[in-house]
Amino acid sequence: MKDLAGDKTPPRKGARKGAGNAAGKAAGKSAQADTPQAEEHSAALASFERLDRLSHALMGRAEGGLSPISLGLAFSDWATHLALSPGKQAELGWKAGRKWMHLMREMAPHRSDDEGAQPLEPLPQDRRFSAPDWEKFPYSLYAQSFLHAQQWWHNATTDVRGVEARHEQMMQFYARQWLDMASPTNFIATNPLVLAQTLKEGGVNLMRGARYWGEDAVKVMTGDTKPEPTLIPGTDVALTPGKVVLRNDLIELLQYEPSTPKVHSVPLLIVPAWIMKYYILDLEETNSLIRWLVGQGFTVFAISWKNPDEGDRDLGFDDYREEGVMTALDAVCEITGAEKVHGLGYCLGGTLLSVAAAAMARDGDERLASLTMLAAQVDFTEAGELSLFTNEDQLSLIEDMMWEEGYLDKTAMAGTFTMLKSKDLIWSQAVHTYLMGERETDGAMASWSHDATRMPYKMHSQYLRRLFLDNDLAEGRMDTRGTPVFLQDIETPVFAVATQTDHIAPWHSVFKLTWSLPGAVTFALVSGGHNTGIVRPPGAPRASYRLMEHRPGMLHPSASDWAAECAPREGSWWVPWAKWLRKTGDGQEIAPPPMGKGRKYRPLCDAPGSYVLTR
């Protein structure tokens, strides 16, 4: 157990300020007068603080990283204001009657379509009722009843005067969770697909599902619920040939072997998020972005972050920038001899890369030829539903969960990420497994998602507070080693990619890069989600993208207006991005650089290295 005296994390805003100040004063008095009474007083205060943190950590683990207090406050705010709003109550009663009449007319036999009672359509991303069987009575009644209830609860949880916007969003979110739980797709008697499968197999599918449920129940009772990856990096995935040319206490730097006789003179450095294994960009041969780039004649380097343990609790944002991004950039320039490097940041890696780029611009370091930001945010004011779980109450809980062990295991936040896509990750999966009796085998991406990484205490706390909660980077309060950095100093050309159905970095939030940065920004809005949209190679079915080129001096369109006016193009965004990289480079082709260089950057082992295998 770590002593609080060694905790270098910035103090938590609003969390036991009195105790913190008292502890600081006691420590000061102890330094001035080393008396047994002062030492006893300081130790007592530290013990009280430790007791609080242990209590909060236990609650956080029991609740899957979610704070019940936040939900309680949101519900109290909504229910109280609704109780004091007779007009809103009357409106909801009136709408309930109208929806009931609409449902009855829509379900009436021999109705004509010109009566105006058209069935409700699910939301575009909701595919639960897409099968033709749901159009037949009585299943159409079940589906339409659910959709009417869904619409009514949206009305009930919005536009209640006096409710804080954040609490309103939380009520919408949790109302949707309860509705998804009660969906007719989740029950045998009301799901025509499950009934058909049961009749076809004579109930054998339910027997298989019961066995699967029993296996999973045993895992829950024994605490063995952490999913393990089924594919091994270097054996099944992450197969692009390369070498580890640098290893320190935080990263391994991978250099990939060229596959073309000539390469572009400007190399590319990939900075993945520290909360994910880098090989999402090097899954299988058919969808590996790294392999594809090498085949296009680019010299590619990638950072593989160490999976931190309790000894890394004091690693902070500056450590990741200096020992990660800047150390890797130094190595790329020395190995290749290039004066300029293309930088690519994925998700949080893009946020980290933008801070590094701002610090380089401040210091007159011009080694970045371009920046590519994949599903990466620099302004977190519209960070989607994930922001509902980022307030003082929630962050204090997460910090206390990290405090004892020195890191946060990704599985500790599984409840949050699962709830963001509950109908896909919980209920649809449960129906498929326990009612249809079909246990899916993990593919490459699902296996990668189970290859969880940990997050060091100080780094994760700084990220959540300074970026997600306080939005310091976008609002000009970010610093590196005490010296301010500003996004407005970055004049490097930027290619930003956002995905349409991203629930982690919503595309409207990523779009803000077009006006947050002063230089030329090319923005691509691509089909798919946070990972599936990025890992979408040429030739992939249903791949499409919209493209916008914004230059300094041009007017800034709103995200919605631009998307409405810009027609999507078929194909993968990889192709126009590669053209953009060549255009922003110097256009020259050279002989491939050596694999590593000298004693400092000599090849240590084959890619994917050792850090990626740590679990």
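# A guided tour, starting at Asp 586

Select Asp 586, which is partly exposed because its relative accessible area is 46%; here buried means under 20% relative accessible area, exposed over 50%, and partly exposed in between, with a 1.4 Å probe and protein chains only. The model on your screen is predicted, and for that reason local features need pLDDT of at least 70 and side-chain atom pairs count only at pLDDT 80 or more, while totals for chains, interfaces and linings use all residues. Residues are numbered from 1 along each chain as its sequence is written, and side-chain values use heavy atoms, with hydrogens and water left out.

**Around Asp 586**

Asp 586 sits in the loop between α20 (574-584) and β16 (589-590), where helices (H or I, at least four residues) and strands (E, at least two) are DSSP runs numbered from the N terminus. Now add His 264 to the selection: this residue is 322 residues away along the chain, yet the C-alpha atoms of Asp 586 and His 264 are separated by 8.5 Å. If neighbours within four places in sequence are left aside, Asp 586 is in contact with Ser 265 and Val 266, contact meaning heavy atoms within 4.5 Å. With Ser 265 there is also a polar contact between the two side chains, at 2.4 Å; a polar contact is a pair of N or O atoms within 3.5 Å, where within protein one must be able to donate a hydrogen and the other to accept it, and residues adjacent in sequence count only if both atoms are side-chain atoms. On the other side of the sequence, the backbone nitrogen of Gln 588 lies 3.0 Å from a polar atom of the Asp 586 side chain.

**The sheet and its helices**

Next, show the whole chain as a cartoon, in which 20 helices and 17 strands make up the secondary structure. Eleven of the strands form an open sheet with mixed pairing, in the order β15-β14-β13-β12-β7-β6-β4-β5-β2-β1-β17. The strands at the edges are β15 (569-570) and β17 (605-606), each with a single partner strand, so one side of each is left without a neighbour in the sheet. Two strands count as paired if DSSP finds at least two bridges between them.

Select β13 (residues 521-526) and β14 (residues 544-550), which run antiparallel and are joined by six bridges. Within this pair, Val 526 stands opposite Tyr 545 of β14. Thr 522 is also in strand β13, and this residue counts as buried because its relative accessibility is 2%. Beyond its neighbours within four places in sequence, the contacts of Thr 522 include Val 494, Leu 547, Met 548 and Trp 580.

Turn next to helix α10 (residues 317-336), which lies across β1 (242-247), β2 (251-256), β4 (268-271), β5 (300-305) and β6 (341-346) and runs at about 155 degrees to β5. Helix α11 (residues 348-363) packs on the sheet as well, touching β4, β5, β6 and β7 (368-374), and its direction makes about 140 degrees with that of β6. For these angles, axes are lines fitted to C-alpha atoms, for helices over the stretch in contact, and the values run from 0 to 180 degrees between N-to-C directions.

**A covered helix and some rings**

Which helix is mostly covered? Select α16 (residues 457-469), where eleven of the 13 residues are buried, including Tyr 457, His 460, Leu 464 and Phe 468. Asn 471 follows α16 and has a positive phi, near 55 degrees.

Now display the aromatic side chains, among which the structure holds 25 aromatic pairs. Trp 507 and Phe 511 form one that is edge-to-face, at 6.2 Å centre to centre and with 90 degrees between the planes. Rings of Phe, Tyr and Trp (its six-membered ring) pair if their centres lie within 6.5 Å, and planes under 30 degrees apart count as stacked, over 60 as edge-to-face and the rest as tilted. Both Trp 507 and Phe 511 are buried. Ring pairs also link Trp 274, Trp 305, Phe 317, Tyr 320, Phe 380, Tyr 463 and Phe 468 into a cluster.

**Backbone details**

Most residues other than glycine have a negative phi, and most peptide bonds are trans. Select Cys 347, which has a positive phi of about 55 degrees although it is not a glycine, and which is found in the loop between β6 and α11. Finish at Phe 137 and Pro 138, which are joined by a cis peptide bond with omega of about 5 degrees; Pro 138 lies in the loop between α4 (86-107) and α5 (139-156).
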